[in-house]
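Hi,

Here is the structure I said I would pass on. Have a look at it first, and my notes follow underneath.

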Amino acid sequence: MTISLRISATHTRRPGRTVGGPSSGRARRRVIAELVPDIPPIVDVGCDHGHVTASLGAVGTERLPGRLPRRRDIQLVVADGLSCFRKVGVAVITGIGAWQIARILARGPRPALAVVHAPDRPGWLRLWCASNGWRIDAEALAPEAGRFAEVTRIVPGLEPHRGLLLEFGPLLLEDPLLAAHAGQLHGHWARILEATRGRAPHKWALARRWMEFLEPMMPTTGDQSIRGLKLPTNDGTEEKRK
Ligand SMILES: C[S@@+](CC[C@H](N)C(=O)[O-])C[C@H]1O[C@@H](n2cnc3c(N)ncnc32)[C@H](O)[C@@H]1O
């Protein structure tokens, strides 16, 4: 498929993006706009304030009339997901829960391409997409509210990645914010490891797998502080990292 992008494929190099980030959502909206190619009609599902809709010249939708923004510079429609459209070029489905995004995509109509962002379970959404005929085409991180929003572009196709890498976001490995993102997730799993030791072995083992997966991506890769790190075992003793 030939698609004309609004920006070049070097979209992952954004010197303006910084770690941490405000909660305004501006950085995330910029990333979304950069990932959307010009394939009309572009539908912004759950457009809320309409910022993304306006910047893309898209049609904005909301499920309830009372949720539509009060502005006249964009085209607005009341619809559940994409259900009222016959054909969709790009579906922008961002800032919505993973399960709801999956439901919207499954119900159709199937867009030529979708840009998705599930703040709650981005990994689960990637697994769902891969099992439902979607391939990850591009991804980017945006700092938002002390963590990183994961924005993913999907196209119909066969996803080649599996396992933790698929869940993490295989194309995020190229993102300039990767190290900070991995560090943030590592901290999250370290807290789970601590809370589940001796109590929930499956969850504990999962936390440990994630920490091992994330360590090579962290800022201190190759440094003694990671190589020599002692990871606690499930019985509370310590095991030295190779
Ligand atoms: C948190 S806001 C996100 C706004 C914007 N998309 C963004 O990324 O910042 C989620 C919006 O999606 C709308 N929404 C949720 N499910 C929807 C559905 N099935 N169809 C249309 N809108 C939906 C909600 O009413 C809400 O306005």
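Let me start with one helix pair: helix 6 and helix 7 cross in a left-handed way (left-handed if the near helix is turned anticlockwise from the far one by less than a right angle, right-handed if clockwise). Before the rest, note that this is a predicted model, where local features need pLDDT of at least 70, side-chain atom pairs count only at pLDDT 80 or more, and totals for chains, interfaces and linings use all residues. Numbering runs from 1 along each chain as its sequence is written.

On the helix 6 side, the contact uses Ala-182, Leu-185, His-186, Trp-189, Ala-190, Ile-192, Leu-193 and Thr-196, and helix 7 brings Lys-203, Trp-204, Ala-207, Arg-208, Trp-210, Met-211 and Leu-214 (contact: C-beta atoms, placed from the backbone, within 7 Å). By class, that contact has eleven nonpolar, two polar and two charged residues (Ala, Val, Leu, Ile, Met, Phe, Trp, Tyr, Cys and Pro are nonpolar; Asp, Glu, Lys and Arg charged; the others, Gly among them, polar).

As for the ligand, 16 residues surround it, and Gly-46, Asp-48, Arg-63, Thr-94 and Gly-95 come nearest (near: C-beta atom, placed from the backbone, within 6 Å). Strand 2 (59-62) and helix 3 (98-107) are the elements giving two or more residues to this shell. The shell splits into four nonpolar, seven polar and five charged residues.

Overall, the chain has eight helices and nine strands (DSSP runs numbered from the N terminus: helices H or I, at least four residues; strands E, at least two).

Cheers

How values were computed:
Contact = placed C-beta atoms within 7 Å.
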